[in-house]
Amino acid sequence: MTYTLRPHQARAQNELMQWFYQNPTGDPIVDACVGSGKSVLIADFCKTVLTNWPSQRIIMIVASRELVRQNYERLLSIWPEAPVGVHSAGLRRKDIFESIIFASIGSVGKKAMKLGVFDLALIDECHNINPKEVGLYRQFIGDMRKLNPMFRVIGYTGTPYRGNGVWLHKGETALFSGIATRISMREMLDNGYLAPLVLGKTETFIDASGVSLQSGDYNIKQLAKAADRAEITRAAVSEIIAMGTAQNRKSWAVYCVDAKHTQHVYEEFVSRGIKAGMLTDKTPAGERDKILDDIKHKRIQAVVNCMILTVGWDHPELDLIALMRTTKSPVLYVQICGRGMRTHPSKDDCLWMDFTNTTAMMGPVDQVTGRDPVKPKGAAGAPFKVCPTCEEENPAGVRYCVKCDFEFPENFPVINPTASDAEILSPAAPVEKKRQVTKIMYYPHQKRNGDANEISLRVEYICGMQVIKEWVPIQSPSMYARAKAEVWWNVRSDLPIPKTVEEALGIIQTTPFREPHSIALTKNGKYDQVASYEF
């Protein structure tokens, strides 16, 4: 099977390789948001490494058998002859000799010494790794480094921060060294690879103002007591049904606090004639699989859950999310939002109904980011304002930031612990001008008075009466410029990028070379420049 990386995937792969060239030690993170194709990135990386360095051994580790199976099947779809095995008790396979092993952490965490020497570990959902030097992931990595001091780790995640928002690569015991590449949610939205969330304004509000914090998020028992009230459940379910029906939403996911809360919300839906399923950590695996199959095949309309439908659940037709539990965890917030953002022909967007103050606290989901470690936050529930300089949460009435002495201007926005109509996404990027390409010309180009060896490939896109020029730095001595050129080349040709412009022109003229049928333009000063391509 032949496959072509999307432009954002090709860029990410090149930036990851560039990171390794520039960092002979250390462990990078690939920050790839929902829908960016992490399984494709992982599969392509495995193929690239083993093709160029056949003696390398790679172990790819995830948390569950479902993710082992998904990633394993993706690799074989891209590279059917891959030398790959599976080590997962849940899948009843314990391969150990292949060059690539896809494994669940529960099956290999304590078995590093029995698996043999590996050179690389690829860890999906790497935000699950303990920030301290404990846990199965850290034990496996530590043991593997005893066997191979040069052992490296690449972490893949769409949320490169911990539940408290601190970057995964920050802190004295952090495993990772930095973020090598990023595929952002905003980039994916602007290029049509994600479906946007649209706000469904709610009236019912679950007040968590009296709930204390525990390990950076709300105390679950106290939060359940605040949320699991019959009058709130009836009102919220009424709003979900009314808005979901009015907007013809076909597939709903509702997020609750704990098992009892989930049960009560589920029963309310059923009593109103809505076909629904319920998932908690007590749901047997077989029953869980049946409920997920039921919503996939439209036998039920709603699935009510607590902490189940987050990582690893892909249901592109999901077009309504109702949040009936608040959280201070940016990881959980982004994961829940992401469930509704996969594209599908049956939907244009996903309705977001927040019955808490989560959206107001967290802000637009595509703008959520990590932070450096700071002192613990104060009690939950009181109005506060966030310092734009150091991101400290301050009591609403203070004039100066308690951490950095920033002076808040008059009428500085205060976040209140009440339901709001806060936007779930930031404004879209400015609309780009699209042009149909009728012809493309390629020339060698040397700057006046420039280095005789630094020749670039000049590309001229003929768009009716307009000619748009682009320069591809194939011969640049700059590693960064060369990496940009590789991204451009890999989208268009299956051959390795040549070393010279002369070689490039020969390949373009004599071998299959993919060309865009249209380009999008943005202004760079007085001139138009190419922003993106459609092939």
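Begin by selecting residues 230-246, which make up helix 9: its 17 residues reach 24 Å from the first C-alpha to the last, close to the 24 Å expected at 1.5 Å a residue. Keep in mind throughout the tour that this is a predicted model.

With helix 9 still selected, colour its buried residues, which are Ile232, Thr233, Ala236, Val237, Glu239, Ile240, Ile241, Met243 and Gly244. To see what covers these buried residues, add the neighbouring elements to the view, including helix 8 (220-227), helix 10 (259-271), strand 12 (252-255), strand 15 (320-323) and strand 16 (350-354). Before leaving this region, click on Asn248, which follows helix 9 and has a positive phi, near 60 degrees.

Next, move to helix 2, residues 38-52. Helix 2 has 15 residues and spans 21 Å between its first and last C-alpha, close to the 21 Å expected at 1.5 Å a residue. Of those 15 residues, 11 are buried, so helix 2 is largely enclosed by the rest of the structure. The buried set consists of Lys38, Ser39, Val40, Leu41, Ile42, Ala43, Asp44, Phe45, Cys46, Val49 and Leu50, and it is worth showing their side chains before turning to the neighbouring helices.

Now add helix 1 (residues 7-22), whose axis comes within 11 Å of the axis of helix 2 and crosses it at roughly 50 degrees. That angle makes helix 1 oblique to helix 2, and the crossing is right-handed. On the helix 1 side, select Gln9, Ala12, Gln13, Leu16, Met17 and Phe20, which make the contact with Val40, Leu41, Asp44, Phe45 and Thr48 of helix 2. Coloured by class, this contact shows 7 nonpolar, 3 polar and 1 charged residues.

Then hide helix 1 and bring in helix 3 (residues 65-78), which packs with helix 2 at an angle of about 55 degrees, the two axes being 9 Å apart. Helix 2 and helix 3 are therefore oblique to each other, and helix 2 passes helix 3 in a right-handed crossing. Here the residues to select in helix 2 are Ser39, Val40, Ile42, Ala43, Cys46 and Lys47, which meet Asn71, Arg74, Leu75 and Ile78 of helix 3. By class, the residues of this contact divide into 6 nonpolar, 2 polar and 2 charged.

To finish, select Val40 in helix 2, which takes part in the contact with helix 1 and also in the contact with helix 3, and which is one of the buried residues of helix 2.

How values were computed: Residues are numbered from 1 along each chain as its sequence is written. This is a predicted model: local features need pLDDT of at least 70, side-chain atom pairs count only at pLDDT 80 or more; totals for chains, interfaces and linings use all residues. Side-chain values use heavy atoms; hydrogens and water are left out. Helices (H or I, at least four residues) and strands (E, at least two) are DSSP runs, numbered from the N terminus. The expected span of a helix is 1.5 Å times one less than its number of residues. Buried means under 20% relative accessible area, exposed over 50%, partly exposed in between (1.4 Å probe, protein chains only). Contact means heavy atoms within 4.5 Å. Axes are lines fitted to C-alpha atoms, for helices over the stretch in contact, and angles run from 0 to 180 degrees between N-to-C directions. Angles under 35 degrees count as roughly parallel, over 145 as roughly antiparallel, 65 to 115 as roughly perpendicular and the rest as oblique. A crossing is left-handed if the near helix is turned anticlockwise from the far one by less than a right angle, and right-handed if clockwise. Ala, Val, Leu, Ile, Met, Phe, Trp, Tyr, Cys and Pro count as nonpolar, Asp, Glu, Lys and Arg as charged, and the others, Gly among them, as polar.
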